[in-house]
Amino acid sequence: MIGGLFIYNHKGEVLISRVYRDDIGRNAVDAFRVNVIHARQQVRSPVTNIARTSFFHVKRSNIWLAAVTKQNVNAAMVFEFLYKMCDVMTAYFGKISEENIKNNFVLIYELLDEILDFGYPQNSETGALKTFITQQGIKSQTKEEQSQITSQVTGQIGWRREGIKYRRNELFLDVLESVNLLMSPQGQVLSAHVSGRVVMKSYLSGMPECKFGMNDKIVIDKQGKGGSTDDAGKSSGKQSIAIDDCTFHQCVRLSKFDSERSISFIPPDGEYELMRYRTTKDIILPFRVIPLVREVGRTKLEVKVVIKSNFKPSLLAQKIEVRIPTPLNTSGVQVICMKGKAKYKASENAIVWKIKRMAGMKESQISAEIELLPTNDKKKWARPPISMNFEVPFAPSGLKVRYLKVFEPKLNYSDHDVIKWVRYIGRSGIYETRC
Amino acid sequence: MPAVSKGDGMRGLAVFISDIRNCKSKEAEIKRINKELANIRSKFKGDKALDGYSKKKYVCKLLFIFLLGHDIDFGHMEAVNLLSSNKYTEKQIGYLFISVLVNSNSELIRLINNGIKNDLSSRNPTFMCLALHCIANVGSREMAEAFAGEIPRILVAGDTMDSVKQSAALCLLRLYKTSPDLVLMGEWTSRVVHLLNDQHMGVVTAAISLITCLSQKNPDEFKTCVSLAVSRLSRIVSSASTDLQDYTYYFVPAPWLSCKLLRLLQCYPPPEDGAVKGRLVECLETILNKAQEPPKSKKVQHSNAKNAILFEAIALIIHYDSEPNLLVRACNQLGQFLQHRETNLRYLALESMCTLASSEFSHEAVKTHIETVINALKTERDVSVRQRAADLLYAMCDRSNAKQIVAEMLSYLETADYSIREEMVLKVAILAEKYAVDYSWYVDTILNLIRIAGDYVSEEVWYRVIQIVINRDDVQGYAAKTVFEALQAPACHENMVKVGGYILGEFGNLIAGDPRSSPLVQFNLLHSKFHLCSVPTRALLLSAYIKFINLFPETKSTIQEVLRSDSQIRNSDVELQQRAVEYLKLSSIASTDVLATVLEEMPPFPERESSILAKLKKKKGPGAVSSTEQEDGKREGGELNGGGERGADSTIAASNASTPSPSADLLGLRSSGPVSAAPPSAGSLLVDVFSEAGPAAPAAAVNDDGFLRDLEPPTESSDSLLAEGPGDSDSAPPSVVSEDPAPPMPQSDELLHKFVCKSNGVLFENQLLQIGVKSEYRQNLGRMYLFYGNKTSVQFVSFSTSVTYTGELQSQLNVQTKPVEPLVEGGAQVQQVINIECLTDFSDAPLLNIKFRYGGALQNLTLKLPVTVNKFFQPTEMVSHDFFQRWKQLSQPQQEAQKIFKASHGMDKEVLKGKLLGLGMALLENVDPNPENFVCAGVIQTKAQQVGCLLRLEPNAQAQSGEQMYRLTLRSSKDTVSKRLCDLLAEQF
């Protein structure tokens with residue numbers, strides 16, 4: 001169980017310190033600062049063990065969040081909690097910055113009291129929290145309201161309060177995916193996976209029951225067996241995807257998912273993440289990078305990189321950025337590119353090539369001449385991979401939303417009255433090609 | 001960094017540094033540095049020549065980046081280029097970069113050396129200094145190779161500036177420290193020594209550091225510096241504070257130089273020249289006088305400087321250890337400091353007094369401060385000062401004040417810091433033992449010690465109590481009574497239980513008469529502690545129980561009951577289980593007689609070094625205490641101690657401190673068990689154990705007490721029990737022969753000498769008989785196998801041998817022989833075993849008489865048994881420093897024996913080495929400065945004492961007469977030993 005939680009600024013000064021258990025002493029705060037924040041070498045592992053105490057940290061811009069424990073806890077749980085904590089803070093006061101944390105420290109302590117009890121994570125649903133932890137001073141609540149809060153917090157559906165009413169019932173659904181790739185210089189895929197999230201924003205009245213369907217291979221196959229064979233077989237043959245693993249928001253009825261593999265839930269109000277998943281098979285790689293590096297003598301290097309977009313020509317990829325690392329003894333760079341802008345960034349030891357937009361099935365090229373300074377070191381340049389960033393308007397995993405149904409038996413609106421919006425965004429995760 | 005004020009203040013550098021300082025995070029810093037590196041790379045690309053200023057600026061930036069912890073792999077060339085600049089700042093930065101960043105990179109080193117060479121040969125003193133500083137800062141072997149020849153020339157050249165001389169001296173010192181073999185001072189020696197007379201005080205100060213270092217290595221070459229140093233010192237000491245303008249520090253003339261001079265003098269013995277010595281004594285007196293004068297300034301720097309000189313002078317006085325007057329004055333001076341309000345001074349005073357206490361002249365003077373020191377021990381705030389006070393108390397302790405000091409230390413122990421408790425415990429234990437007049441006091445003290453600080457009482461301490469109690473029958477009853485009382489405390493320490501178990505097991509019968517301590521009460525008392533103890537203690541208690549069965553047959557049933565209980569006989573610990581089973585069987589099967597024999601009282605332990613002392617030394621490391629210990633030992637020789645039992649422990653003790661010799665084994669009792677638990681009374685039985693069970697001893701050492709020792713090799717002991725019984729000891733003369741033994745053969749001496757350096761070989765041979773010898777020695781015990789071979793084809797009849805040793809030898813050696821078969825067949829060989837125990841050192845050899853009849857004719861031969869005192873040597877390894885320290889300490893004329901003799905066997909080095917090794921001493925390499933010489937060290941183990949010996953053999957291949965000569969010097973703590981060894985060895989080479 002989490003023994004304590006600390007928030008530091010970039011200098012290692014403690015902004016927030018909350019200790020939940022007696023086994024964590026005051027010196028734990030300093031131990032983390034000395035051994036992680038001010039460590040001689042950059043600490044890359046998110047879990048650090050110092051004197052039989054474990055420190056789990058996440059970093060948001062210049063702010064360090066560290067959870068401390070002496071027990072053998074589930075590390076995934078702790079990180080899940082820390083991310084949730086970041087989400088909650090963002091929902092309350094926007095960007096997590098030193099300034100904001102200092103301005104809202106009372107609120108943060110209040111939140112910490114609520115979402116962790118003796119080190120055990122509690123309800124961290126922003127919507128629910130906002131009903132009783134507010135930024136507007138303390139206003140005395142009526143008895144009715146108080147009992148409502150109590151029944152909600154202690155009740156079965158902690159994440160949604162009753163009596164919500166909207167004039168327009170709307171539902172937004174985003175499929176956000178990040179595609180990760182490591183490719184050999186010859187174009188062979190060494191590893192690739194997509195991690196995706198389904199994020200929803202719901203503005204629905206009452207206590208609606210929702211049902212979400214997608215082209216999950218297992219469901220489609222099952223339907224194919226049970227229902228009309230030709231129709232389902234056709235759709236499953238091409239479009240269904242194999243999901244390796246997935247996690248759901250607490251509102252999803254897991255028992256139903258286990259038995260029927262259908263995702264049904266009573267949604268929280270506002271924004272939330274419905275599910276997370278990961279796929280590794282049949283990934284559509286939006287871009288292909290073809291590198292060509294030639295060493296001309298000891299003092300010169302010629303680099304040519306071609307990128308090819310590999311999706312429907314009607315779609316447009318955005319925010320494309322290719323990062324070509326340069327050797328550490330680079331003394332000068334000349335770049336020529338057809339499209340976009342390219343620049344040698346000495347501070348990052350890389351050539352950065354930016355293209356604003358690019359349609360599918362196109363090709364673009366950059367070539368650079370790198371001058372090198374002869375050095376005493378015999379060490380050879382390690383040739384780090386070329387990395388890429390982009391955003392595409394489809395899901396690289398191939399996921400498709402099949403339906404999202406809303407039932408509210410008590411109020412008089414039906415599935416058809418709800419306005420639904422669906423959007424797919426595919427982003428690059430670590431998208432690298434060796435050169 | 002050069003000041004940023006002038007025209008060439010590097011703005012770019014300042015901006016860069018302030019940028020870095022303003023970086024919010026590490027990442028930002030790395031980005032900024034990457035950017036700067038790229039910029040510098042593009043500047044260094046080589047398209048256009050850079051001017052000196054920008055080169056300097058960029059090299060500075062690189063240096064800064066390097067100092068921030070980033071790798072720099074370029075820019076070396078530019079830095080080297082800076083060396084050839086004519087501007088001071090550029091040169092300086094170039095040298096700075098090189099001394100920080102250049103490693104032994106082959107191509108660059110040549111260029112750098114070239115640059116340095118140019119600067120050294122330039123006439124510009126600033127540049128020469130820069131170059132010298134660079135050499136000293138890098139100080140690598142390559143640098144030494146390139147410049148070791150050059151620098152002494154600069155140092156002694158007449159036209160060199162003073163500041164350059166200073167740098168050159170320090171640079172040479174540095175090179176000498178890193179690679180002494182490359183710095184050859186030969187021709188420069190006298191001129192370097194004469195730098196002590198230089199006009200410029202700075203040069204003298206720098207040179208003296210160099211000379212001190214050099215003379216530590218080759219004292220002889222630099223001997224002349226003593227008189228120069230003395231005259232220099234006297235000039236400084238007698239000068240008024242205004243004489244040495246720039247070198248007067250808070251009214252003290254040249255304090256650093258004075259300290260260094262005094263330190264240099266500490267490398268040498270007192271000057272022999274009376275005038276010089278008189279002058280030096282005068283100086284020292286002046287220094288002591290000055291300390292009495294009222295301070296010229298209230299500033300702390302003034303008193304610091306003055307005291308620094310004073311302490312250094314006192315160190316010199318202690319080093320000389322020959323001027324009683326000065327020693328006593330120094331002691332009084334330190335006595336004043338003992339109550340000074342400055343803590344540092346009190347600390348230093350205590351520390352110096354500790355060494356003073358070991359000098360015979362000032363020991364009494366130190367003793368007068370006992371009250372102050374005790375007070376310091378109790379009230380001092382700083383633990384390190386208290387520690388010194390404890391050390392001093394230990395050093396000043398002697399027979400007259402032992403009781404007081406031990407009592408004070410004991411009472412302090414209750415409140416002492418945890419860090420020094422263990423050491424305090426050891427010290428109390430040693431003092432109590434060393435100065436015990438009456439042993440009941442000793443027993444009381446140690447038991448008190450265990451009561452107060454049981455956790456810190458190491459095994460050695462209680463081993464030692466038991467050794468002493470067992471060896472001294474007058475305290476046994478008292479000890480039994482005391483431990484019995486001590487055990488009655490509701491909570492007593494486990495060590496107390498161990499002592500109690502052992503002593504009651506041995507001597508419980510002495511107090512059994514009193515109904516309050518009847519056997520059953522004793523047993524119940526011990527057994528009440530049993531369950532709270534750890535496994536080794538339980539094992540010991542089990543042994544105590546079986547001893548009880550022997551002592552008090554009435555407790556047999558109770559004890560058997562205990563042994564039979566499941567918690568013993570089925571104990572999960574194998575050792576306990578085995579003991580329980582064996583003891584149970586032993587008690588039920590063996591008859592009372594056997595039981596009485598097997599469980600007889602432990603024989604007295606042989607005298608040996610106090611293992612506690614060894615432990616204390618080990619704890620402190622060889623440096624810290626050994627010198628004072630040594631002194632202790634010296635003093636101790638004078639005031640004989642109760643039983644006179646600790647004799648020359650100190651020598652061996654000191655040698656043990658630095659060597660892992662087997663006798664320094666901390667497990668005092670354990671190792672003594674099988675090897676030396678052979679008292680004369682137990683005769684052959686236990687000597688047998690020594691040889692037969694010897695190899696098995698380590699295995700047997702699992703047992704933590706000596707109880708089982710006599711049970712350990714069961715078959716062996718019972719066999720010999722039946723054969724002779726342990727009691728009848730005296731070696732029965734093998735067979736009675738009527739004829740008188742013949743006088744020793746004329747060549748017997750020569751035969752004896754053959755065996756000084758070897759242990760196996762043919763002792764004697766004639767037409768009839770061949771006698772072979774094989775021998776082995778361990779500590780003070782030896783075993784010799786004699787093989788009598790009949791060379792004829794006819795049998796010898798009435799073959800008998802006898803060993804005789806008369807007069808003095810009887811008290812020095814103990815020789816036992818086993819009889820041989822009276823019949824030796826033709827061509828056959830018979831073997832005879834002779835056990836030898838060395839009681840104390842001896843010079844004669846026992847006679848071996850052999851009689852037999854060959855064809856009716858009586859043959860009567862008498863030889864000398866090849867036993868010489870060196871056989872009982874135990875080699876001692878030590879390093880040069882230790883060796884010479886010991887050597888010096890054995891400087892009394894009677895301790896030394898020297899012989900100069902002609903080489904009779906040639907001077908082959910390997911042969912000599914082999915002989916010296918055969919001698920039994922440790923041949924020490926790299927000790928003597930002259931590689932031709934041999935030095936050895938060893939300890940002669942006798943029953944009574946251990947005698948440390950040091951040997952030095954100096955071959956001289958071309959003596960005046962053209963003959964090869966040796967000079968052999970032996971020093972040992974006992975004059976007879978030195979002499980005897982010297983005589984023996986002179987025949988060998």
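Start with helix 16 of chain B, which covers residues 300–320 (helices, H or I of at least four residues, and strands, E of at least two, are DSSP runs numbered from the N terminus). Its 21 residues, at 1.5 Å a residue, should span 30 Å, and the end C-alpha atoms are indeed 30 Å apart, so the two agree. The expected span here is 1.5 Å times one less than the number of residues. Just past helix 16 of chain B, D321(B) takes a positive phi of about 55 degrees.

A word on what you're looking at: this is a predicted model, where local features need pLDDT of at least 70 and side-chain atom pairs count only at pLDDT 80 or more, while totals for chains, interfaces and linings use all residues. Residues are numbered from 1 along each chain as its sequence is written, chains are lettered from A in the order in which they are written, and side-chain values use heavy atoms, with hydrogens and water left out.

Now for the place where the chains meet. Chain B brings 17 residues to the contact and chain A brings 21 (contact means heavy atoms within 4.5 Å). Together they bury about 1,600 Å², with 46% of that on carbon and sulfur atoms; buried area is the accessible area, taken with a 1.4 Å probe, that two parts lose on being put together, summed over both. On chain B's side, R41(B), K45(B) and D73(B) supply 36% of the area buried against chain A, more than any other three residues.

K45(B) turns up again in a salt bridge with E371(A), at 3.8 Å from N to O. Three salt bridges link the two chains (a side-chain nitrogen of Lys or Arg within 4 Å of a carboxyl oxygen of Asp or Glu). Helix 2 of chain B, residues 26–43, gives the largest share of the side of chain B that touches chain A, with nine residues.

How far can you trust all this? The model scores ipTM 0.70 and pTM 0.56. Chain A averages a pLDDT of 87 (the predictor's confidence in each residue, from 0 to 100), and 94% of its residues score at least 70. Within chain A, confidence peaks in strand 21 (residues 386–392) at 95, and is lowest in helix 8 (residues 229–239), at a mean of 49. Chain B has a mean of 77, with 84% of its residues at 70 or more. Its residues 622–738 stay under 50, although the model has 206 contacts for them beyond four places in sequence. Where pLDDT is low, the predicted coordinates should not be read in detail.
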